[in-house]
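Colleague: I am new to this structure and should like to understand how its ligands are held. May we go through them in turn?

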Amino acid sequence: MIAECDSSPVYLGVDFSTQQLKVIAVDDALQVVYQDCVTFDKDLPEYGTKCGVHIHDDNLTVTSPVLMWVKALDMILEKMKSKGFDFSHVKALSGTGQQHGSVYWQKGAEHLLKNLSSDFPLHHLLKYCFAIKDSPIWMDSSTSVECRSLEEAVGGPQSLADITGSRAYERFTGSQIAKIYKKCPDEYQQTERISLVSSFAASLFLGSYAAIDYSDGSGMNLMNIYEKTWSQACLNACATDLGRKLGELTPSSAVLGCISSYYVQRYGFPSDCRIVAFTGDNPASLAGMRLKEGDIAVSLGTSDTIFLWIQDPTPTVEGHIFCNPVDSQAYMALICYKNGSLTRERIRNDCTSASWEEFSKALKANDAGNLGNLGFYFDVMEITPPAVGVHRFNGQNVKVPEFPPDVEVRALIEGQFLAKRIHAEKLGYKILPETRILATGGASSNKDILQVLADVFGAPVYTIDIANSACLGCAYRAKHGLLAVTGSSFSDVIKQAKEPKLIARPAPGVEQIYRPLLKRYEQLEEKVVGEFVQ
Ligand code: ADP
Ligand code: XUL
């Protein structure tokens with residue numbers, strides 16, 4: 001699809017996600033006029049990633065090459081140009097990135113960013129700009145030691161949650177920085193700025209260092225989520241001189257400035273195209289799905305997440321509280337699951353002929369409740385609950401070594417959604433008659449998976465036309481950022497956008513099947529975690 005060649009404004013959203021760089025353009029009425037993506041493994045094979053990442057030999061350290069992200073940006077802009085996308089209509093641009101990942105800019109990098117020659121692609125110009133070439137990302141779980149010392153420094157896990165919205169988590173940026181500070185002191189010394197993936201991406205467009213926004217900043221274990229400032233105690237516990245290297249924080253809807261002249265000269269963006277603060281992918285999804293208080297979002301991407309809009313947060317040692325990306329007075333609660341799409345793909349490949357159609361057939365081969373068979377599929381160390389391995393139980397709660405393929409497929413999907421409902425209810429979420437489940441992410445294009453989601457939650461499931469709500473949310477946020485200065489709220493700005501549409505209703509009678517299963521699953525989860533702890 002090519003943007004129309006009239007003078008109507010266009011707003012751009014970009015998403016630096018785990019496996020792809022995606023872009024969406026919307027017109028003034030917020031209708032999608034262009035979409036594109038670059039897939040890291042397929043389009044940038046020279047970086048040797050699998051699903052966008054490198055898993056290191058210890059199986060705990062997970063990184064992505066920062067220059068791969070830069071080259072992906074060159075590639076997608078060139079693709080847009082060659083398809084005739086008219087950049088001159090882009091009034092504002094915003095973006096998002098996988099949360100928690102960090103980028104380490106080498107001393108002198110900002111000078112280079114400010115003086116980019118439009119004759120060359122970015123990945124040539126920025127080749128020597130990074131003190132750490134492989135950025136730690138959200139899948140990393142190598143920082144348990146750093147987590148425990150961060151919690152101790154502020155009085156324990158609950159105290160850290162009371163300040164930052166979360167107890168210490170291995171993937172959160174504070175512990176990742178602490179590890180680099182300890183293990184790579186020279187590189188840390190050489191670093192003049194540390195960005196999140198989101199603010200790194202914003203910096204590329206801005207041509208100078210972009211501030212970290214409040215919402216993505218909440219995923220670092222370093223920010224006071226009430227005062228929206230760095231917590232000096234947390235900074236001190238992670239590394240020296242950290243406040244200076246992180247720079248200022250900014251509201252998520254702030255206009256950071258105009259686009260760098262590099263993009264004006266090379267691609268024809270207007271010189272007054274505004275860059276609106278970039279944020280994390282889950283906060284951006286909240287914006288893209290038009291999530292309201294009372295809804296629950298279920299994102300089925302590389303990671304699975306559930307999130308809610310909340311007004312008065314009470315952080316606990318389970319789940320996370322982030323600042324809300326579209327309302328500075330509000331918050332969002334989130335739980336993240338590492339074993340999301342990649343585990344579904346693994347089971348699809350093991351149990352079917354590697355096709356989603358076959359996977360759906362297998363899913364539908366057994367009735368709701370799967371004859372009492374339940375399973376836990378943690379191919380990698382899970383976050384909630386902290387456990388690993390595959391654990392299968394028959395209807396008598398006896399552990400069994402395997403299930404037939406179609407039972408395995410249903411056990412995976414039912415298990416993933418039973419866990420999400422149990423954890424959401426533990427966070428205080430109540431399913432009411434008016435509850436809407438908003439589904440997004442790659443697997444939300446699969447209606448049979450969404451039917452199980454509706455059945456397990458006993459609530460209707462809605463989706464938006466675009467599976468990538470994070471990217472769409474940023475196109476909306478770009479327009480909102482431009483109008484926010486005149487006092488417009490996000491909900492005013494997105495009134496014209498398409499409402500989510502109903503995809504699945506709970507089948508009659510499933511409530512009676514899942515109620516006892518929820519209880520059993522919860523008890524078995526405790527058993528599985530207990531085995532792991534011993
Ligand atoms: P991310 O934004 O984290 O990079 P996406 O939200 O784009 O990821 O989701 C990518 C995942 O979507 C793939 O890994 C794939 O397993 C999953 N996916 C794509 N199509 C389907 C489908 N029809 N059924 C189930 N899963 C799917
Ligand atoms: C959220 C999380 C993941 C990443 C990648 O806490 O770690 O959802 O944002 O999508």
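Modeller: Certainly; please bear in mind that this is a predicted model. A polar side-chain atom of Ser-17 lies 3.0 Å from an oxygen atom of ligand 1. The protein covers 80% of the 590 Å² of accessible area that ligand 1 has on its own.

Colleague: How far is a polar side-chain atom of Lys-22 from an oxygen atom of ligand 1?

Modeller: Lys-22 is among the residues that come nearest to ligand 1, as are Thr-302, Glu-345 and Gly-442. Its side chain places a polar atom close to an oxygen atom of the ligand, at a distance of 2.8 Å.

Colleague: Why does ligand 1 lie between two domains, and which are they?

Modeller: Ligand 1 sits in the largest pocket. Its shell takes residues from both domains, so the ligand lies between domain 1 (10-283) and domain 2 (291-463 + 500-534).

Colleague: Which residue has a side-chain N or O atom 2.5 Å from an oxygen atom of ligand 2?

Modeller: The residues around ligand 2 include Gln-99, Arg-171 and Asp-281. Gln-99 offers a backbone N or O atom at 3.0 Å from a ligand oxygen, and Arg-171 a polar side-chain atom at 2.8 Å from one. The side chain with an N or O atom at 2.5 Å is that of Asp-281.

Colleague: Which elements give two or more residues to the shell around ligand 2?

Modeller: Ligand 2 sits in the largest pocket. Two or more residues of its shell come from each of helix 14 (281-288) and strand 20 (331-337).

Conventions. Residues numbered from 1 in each chain as written. Chains lettered and ligands numbered in written order. Predicted model: local features only at pLDDT ≥ 70, side-chain atom pairs only at ≥ 80, totals over all residues. Heavy atoms only, no water. Near = heavy atom within 4 Å. Polar contact = N/O pair within 3.5 Å; in protein donor to acceptor, adjacent residues only side chain to side chain. Areas by Shrake-Rupley, 256 points an atom, 1.4 Å probe, with all protein chains shown as cover. 1 Å grid on protein atoms, 1.4 Å probe; cavity = no way out; pocket = protein on both sides within 12 Å on 5 of 7 lines; lining within 4 Å. Sits in = over half its atoms within 2 Å of the grid points. Domains from an automatic or database assignment. Helix = DSSP H or I, 4+ residues; strand = E, 2+ residues; numbered from the N terminus.
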